[in-house]
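User: Hey, can you walk me through this one? I'm new to reading structures.
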Amino acid sequence: FGSSCRPCGSNFELPQRIFGQAALPSSGCAEEGGLNEPGRAMSGIFEVFSWSGRELRAPSPGRVSNGYPGVSGAGVEAFEENRINSQVMGYMTAPDVGTQEPAPADLQQLPGGGQYDRYLEPGRSMDLLRLLPAVFRDDPPVSCGANAELVGLSCALGQRYPAEAFSPAAVARVLQLARNFWHPGPAGNVQELLIPSGARLIVVGDVHGQLEDVLWMFFKHGLPSSNNQYLFNGDIVDRGGHSVEILLLLFALRRDNPSAVHIQRGNHEDAQCGIHFGFRAELQHKFGSFGGIIWNVCVNTVFPLMPLAAVVKGPLTDGRRFCVLHGGVPVDCPDQVRPVSIKDDLCRINRACQTVQATRDFESHVMFNLLWADPADSPDARRFSNHGRGNRFLEEDTNAFCDANTVAFVVRSHEVPRSLRGAVATHGSKCFTVFSASNYMGSTGNRGGVFIAEVNKGLRLCEHYAPPWPFLSDVYANYPNSEAARQQVVEDFESQYGLGRPNGESTPSRAAPDAPSPRSNVPVPPAARSAAETRDMQFVMERICENKDQLFNNFRSYDTHMAGLITRTQWIDIMMCLAQNDQNCQEVMTPSLLSRLAGVWGLGDPVGYVRFLHRFQIRGPDERLGAPDLMREVSNLRRQLLDAPAQSLERLLDPNGDRSVSSEEFVAFLPQFNLDVPQLQAGALYEQMAQFMKQNPLTVDSTVLCLAIMSRDPPPVNRWSPMAEKIGSEISRAGKSYAWAFRYWDTDKDGYLSLDELQMGLQQLPATCHLDPAEIGQFMQYMEGMGVTNRRVSMFEFVRAVAPRSLAMELHQSLLKELLKRVWICRPALAALLAKHDPMATNKVSVSDFMACLDSINKQLETRGRPKLSHVQMASICEIASCGSRNVDYDRFLKGLHVVDLGKAS
């Protein structure tokens with residue numbers, strides 16, 4: 001334990017209590033036999049790490065400066081999981097999604113003939129392990145952190161997978177081994193692991209489909225065997241593109257040697273998580289139409305059978321035990337009056353269900369928190385707990401759980417340590433978090449870690465950084481014959497990431513307990529930092545799209561002149577309001593990040609906030625068939641109509657001459673100007689205008705008003721702006737419309753106002769009767785500035801000039817309500833509802849089923865007091881999602897929804 005660990009490259013100094021009668025000398029070495037006070041906690045909540053002679057403290061989440069990938073990455077992931085779980089658990093009334101276990105006939109129809117199927121046969125697990133690096137040598141690195149649409153897709157074989165790797169039939173046979181591994185009833189909930197003398201247990205945290213990490217850990221720490229056992233603590237699937245291969249490898253190893261590999265369930269071994277975070281996408285990417293059958297084997301057979309926790313005996317002195325679970329200590333469950341008991345509670349609950357469900361009773365809450373909960377380091381941090389990631393537990397909860405179950409401490413996984421180290425200790429070093437996927441999602445830059453538990457030696461942290469596929473393929477092809485040679489390969493590679501044994505470093509000394517926690521000096525690869533910056537920018541763009549109403553109102557409150565402008569400082573202050581009530585947002589969105597993004601986005605000072613809000617929009621998977629940029633299209637229309645004579649404009653809008661513009665007339669009007677607005681979406685635009693004007697049908701004059709003032713930029717402010725508003729106010733007080741006043745002043749009926757006509761009209765108004773001809777000429781130039789300078793004023797120019805700026809701002813805000821916004825926000829619940837209509841996981845439903853699911857979302861919006869989608873809007877969304885066909889590929893549609901930056905040119 002005590003000396004510098006050459007294979008691992010770092011030591012994890014655990015407190016004395018973990019070893020019982022093991023003292024920590026000042027040199028950092030732990031020797032058996034030294035007596036210390038049992039139960040005495042080391043100072044500080046977070047454990048001290050020693051590496052290469054420098055003192056490091058794993059920092060509390062609130063104390064790490066922002067811009068650090070480990071902090072913002074954890075915030076992004078927690079935000080996503082909170083939203084998904086809160087929606088699904090709120091909208092779903094039954095515990096399970098609509099999957100079904102494949103019938104024997106379905107399994108028998110699965111094709112075989114995969115090139116490497118023979119490696120999945122009994123007795124060949126070690127051959128399989130050595131084969132995998134060569135099979136995936138040409139795969140790209142995981143990059144789903146900065147590209148969410150790539151979750152589960154980092155496998156280059158794609159649809160060639162069944163022929164060139166493993167067939168669906170062979171994969172299904174191996175996955176069904178789960179029936180032989182674990183007892184299906186409550187007796188299988190908790191594993192009792194006794195590590196014999198001379199053996200060790202390696203506890204592995206989340207790997208999330210990153211097969212590179214699994215293969216590197218086996219290379220670094222030794223192949224699985226009875227004396228070198230591995231416990232995989234859940235979250236094997238999702239995110240990365242090789243979840244199925246990890247399952248195949250672990251199942252094959254366990255089949256050939258049941259004591260070599262132990263597996264238990266994480267929160268991502270779940271149908272809902274697999275739908276949203278990539279595992280189902282991976283299966284369909286590799287197996288096409290047969291992916292649904294493999295998916296149903298996993299969610300109905302494999303995941304529900306996985307144990308929920310393990311109690312380990314052997315590594316600690318005096319016969320003491322420790323508990324390994326994925327999430328956390330269940331607290332605040334319904335009717336809970338004491339700490340959860342491993343024997344009386346965990347060993348009795350029904351684990352054969354999905355973890356993301358409508359939690360209703362004590363057992364469902366216990367299971368959910370066991371897999372989802374996170375530790376909190378203070379009551380203040382606990383207050384940020386919400387339904388999405390379980391109930392956060394405090395040090396007192398951990399102590400009570402350990403005392404009640406006679407375990408020394410708890411080892412968990414579930415989250416990347418914000419220090420970017422492979423593990424972190426909390427709760428007086430009674431709660432340890434280990435995370436094994438290095439450079440998680442390609443954008444975190446973290447080290448992976450494992451705990452090595454040897455008999456009577458406690459735990460030792462070993463960190464790693466997985467190499468790329470070509471390197472893995474080469475080292476497995478030339479597998480070293482000796483342990484020393486293998487460790488030299490490891491050290492030579494990992495030294496570039498600050499791992500390995502450094503030369504000339506002094507022995508670390510412990511800092512004072514109240515010393516400030518420095519940022520971890522884990523070197524973050526440039527590619528990971530760049531990906532993290534992209535991820536954080538995307539996160540902010542998405543929050544902008546979701547909160548445009550709130551932002552617009554706050555921006556406008558600072559804009560006293562209604563010029564559409566605020567200072568850069570005001571912009572940052574208002575943007576920070578988005579993170580006010582969400583700790584996860586606070587870990588991502590900070591003033592320093594916003595200042596950097598302002599530069600990236602080319603924002604000036606002052607900031608034109610109407611155009612700023614407009615530039616970020618939600619788009620569908622197919623830009624050609626997605627929702628159009630309505631503001632841009634209407635602005636284009638306005639430019640074409642700026643100098644149109646009034647009579648021609650009115651005839652186009654109102655061909656039957658009844659002085660109103662029906663929805664049908666408006667829809668027929670737009671194509672005459674080559675606008676990219678499909679019929680249903682043109683109808684949705686008309687509906688927005690009708691709601692804004694509180695008219696249906698719209699009058700001709702109201703339609704002209706909406707089209708004239710609709711723009712990505714408010715009219716400019718100058719000395720004539722107040723005068724124009726006074727004119728508009730007097731016209732309104734007279735009970736007339738602005739278009740009516742234009743027609744009344746247009747005495748020669750040529751459809752324009754000349755200088756003389758304008759002068760005669762203005763002299764009739766008290767606010768402008770005092771103007772002399774020169775001033776009227778200057779005012780005419782102001783009006784022409786709204787359009788074309790040609791010594792005449794069109795109806796559009798007149799209406800745009802005299803309409804109240806407040807009215808224009810209100811219409812701008814109304815049009816910020818994008819058609820796809822509510823679908824975007826509610827997509828987790830919509831995906832869950834659609835999955836119930838798709839029991840074979842084909843990713844397709846009928847248009848009528850899709851509409852029914854939209855209607856279900858609408859009812860939930862209504863019960864929560866939020867604006868509903870109208871029938872026209874729902875029909876328009878169906879048009880986008882179906883691309884005109886009878887079925888909707890809902891997975892493609894929902895995952896294809898994305899936020900785009902239209903840029904300054906928009």
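Analyst: Sure, we'll go from confidence to the cores and then to a sheet. This is a predicted model, where local features need pLDDT of at least 70 and side-chain atom pairs count only at pLDDT 80 or more, while totals for chains, interfaces and linings use all residues. Residues are numbered from 1 along each chain as its sequence is written, and side-chain values use heavy atoms, leaving out hydrogens and water.

User: What does the pLDDT average over the chain?
Analyst: The average is 84, and 86% of the residues score at least 70; pLDDT is the predictor's confidence in each residue, from 0 to 100.

User: Where does pLDDT stay under 50?
Analyst: Residues 1–67 are one such stretch. Residues 502–519 are also below 50. Where pLDDT is low, the predicted coordinates should not be read in detail.

User: Ok, new topic. Which residues touch the most other members of the largest nonpolar core?
Analyst: Phe166, Phe218, Phe251, Trp571 and Phe612 do, out of 146 residues. A nonpolar core is a set of buried (under 20% relative accessible area, 1.4 Å probe, protein chains only) Ala, Val, Leu, Ile, Met, Phe, Trp, Tyr and Cys residues joined through side-chain atoms within 4.5 Å. A separate second core has 66 residues, including Phe666 and Leu758.

User: And the sheet, in what order do the five strands come?
Analyst: The order is E9-E8-E7-E15-E16, in an open sheet with mixed pairing. Strands (E, at least two residues) are DSSP runs, numbered from the N terminus, and two strands pair if DSSP finds at least two bridges between them.

User: Why is one side of E9 left without a neighbour in the sheet?
Analyst: E9 (261–264) stands at an edge with a single partner strand, so one side has no neighbour in the sheet, and E16 (458–464) is likewise at an edge.

Notes:
Contact = heavy atoms within 4.5 Å. Buried < 20%, exposed > 50% of the residue type's maximum accessible area, 1.4 Å probe, protein only. Helix = DSSP H or I, 4+ residues; strand = E, 2+ residues; numbered from the N terminus.
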